[in-house]
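Student: I should like to learn how to read the features of a protein model. May we work through one together?

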Amino acid sequence: MISGASSGIGAATARGLAGAGYEVVLLARREDRLKQVCEEIRQAGGIAWYQVLDVTDGAAVRAFADSVERCDVLVNNAGGAVGADPVLSADAADWRAMYEVNVIGPLQLTQALAPKMRHTDDAVIVVIGSTAGAVVYEGGGGYTAAKHGEHALAGTLRLELCGEPVRVIEIQPGMVATAEFSLNRFGGDQARADAVYAGVPEPLTAEDVADTVVWTVTRPRHVNVDLLVLRPRAQAAQHKVHRVSQE
Ligand SMILES: NC(=O)c1ccc[n+]([C@@H]2O[C@H](COP(=O)([O-])OP(=O)(O)OC[C@H]3O[C@@H](n4cnc5c(N)ncnc54)[C@H](OP(=O)(O)O)[C@@H]3O)[C@@H](O)[C@H]2O)c1
């Protein structure tokens, strides 16, 4: 089950896991997009279905979990950033929205689906965090706070489930050029979104991140990749990004 599977990393992960032989369940809010990704997977020979779901809606998440028989792998990917305002002028509503989708969403989905993972001796919970969960940067206060929160969720869960047949894996990507992440962050301002990746030779793609998810999930059951950080070669650290002139 993959949350946020209607676009970007989630859609690529659904394709990747389906390609690896998993029956995939795509979760997100936009039905048209879910339908389209499902159709692509089926045409490629995979087994896929979808459920419209807002991960911040606790009742809806519980109802969905009640409707399924089992879950082997849960990928908590739904998330994102809202705005890039400095702390002193940030809107608290943006901070709440980011906490809701990046922390409460995975919390609710994991709580609801955990009982459906009891049938297997190799359940896997993946959390798509971010390098923003390990460092802070100017204008990123709300997003980095939320992603630090998501990192705490993954780490705590791994400790609490130690001894159970469950692996808890966190992936922290750096700069990934997906079509919607920065566009949503900047309220649909395409020029601002494009500026994030301007001149960066080969930022990560959604497929690069999906590959790491598939690789970590398909390790033998005794191998828990706790935390995997991946960045494009051009990004040595959050602030250290190589850009080439576009003239
Ligand atoms: N792009 C990057 O540079 C980058 C870097 C590091 C980490 N990440 C993380 O990777 C994850 C995916 O990002 P992306 O780049 O693939 O962005 P994206 O294309 O905007 O994907 C976000 C996905 O989350 C879904 N979503 C948002 N709110 C939701 C909600 N309340 N309930 C259910 N689904 C919801 C969206 O679908 P609907 O709108 O249809 O619901 C969409 O499918 C996020 O957690 C992000 O923080 C991204």
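**Reading the model, feature by feature**

Tutor: Let us start with internal space: a search of the whole structure, which is a predicted model, finds one cavity of 30 Å³ or more.

Student: What is the volume of the largest cavity, and which residues are closest to its centre?

Tutor: The largest cavity has a volume of about 70 Å³. Its lining comprises 15 residues, of which V82, G83, D85, W95 and M98 are the closest to the centre. Helices α4 and α5 each contribute at least two residues to this lining.

Student: How does one judge the length of helix α5 against what it should span?

Tutor: One multiplies the rise of 1.5 Å a residue by one less than the number of residues. Helix α5 covers residues 141-160, which is 20 residues, so the span should be 28 Å; the C-alpha atoms at its ends are 28 Å apart, in agreement with that value.

Student: Which residues of α5 are buried, and what covers them?

Tutor: The buried residues of α5 are G141, G142, Y143, T144, A146, K147, E150, L153, A154 and L157. The elements that cover them include strands β4 (73-76), β5 (123-128) and β6 (166-173), together with helices α4 (92-113) and α6 (181-185).

Student: Is A154 of that helix buried or exposed, and which residues does it touch?

Tutor: A residue counts as buried when its relative accessible area is under 20%. A154 has 0% relative accessibility and is therefore buried. Leaving aside residues up to four places away in sequence, A154 touches V127, V168 and E170. As for M98, its C-alpha atom is separated from that of A154 by 17 Å, and the two residues are 56 residues apart along the chain.

Student: May we apply the same reading to helix α4? Why does T110 count as buried?

Tutor: T110, which lies in helix α4, has a relative accessible area of 8% and is therefore buried. Setting aside residues up to four places away in sequence, its contacts are L74, N76, I125 and L157. L157 is also one of the buried residues of α5.

Student: Turning to the strands, do β2 and β3 run parallel or antiparallel, and how many bridges join them?

Tutor: Strand β2 (residues 24-28) and strand β3 (residues 48-52) run parallel and are joined by five bridges. Within this pairing, L27 stands opposite Q51 in β3.

Student: Which unit do β2, helix α2 and β3 make?

Tutor: With helix α2 (residues 31-43), strands β2 and β3 make a β-α-β unit, and this unit is right-handed.

Key:
Residues are numbered from 1 along each chain as its sequence is written. This is a predicted model: local features need pLDDT of at least 70, side-chain atom pairs count only at pLDDT 80 or more; totals for chains, interfaces and linings use all residues. Side-chain values use heavy atoms; hydrogens and water are left out. Helices (H or I, at least four residues) and strands (E, at least two) are DSSP runs, numbered from the N terminus. Buried means under 20% relative accessible area, exposed over 50%, partly exposed in between (1.4 Å probe, protein chains only). Contact means heavy atoms within 4.5 Å. Two strands pair if DSSP finds at least two bridges between them. A crossover is right-handed if, with the strands pointing away from the viewer, the path from the first strand over the helix to the second runs clockwise. On a 1 Å grid over the protein atoms alone, a cavity is a set of points where a 1.4 Å probe fits but cannot get out, and a pocket is an open set with protein on both sides within 12 Å along at least five of seven lines; lining residues have an atom within 4 Å of a point. Grid points are joined across faces, edges and corners, and a volume is the space filled by probe spheres set on the points.
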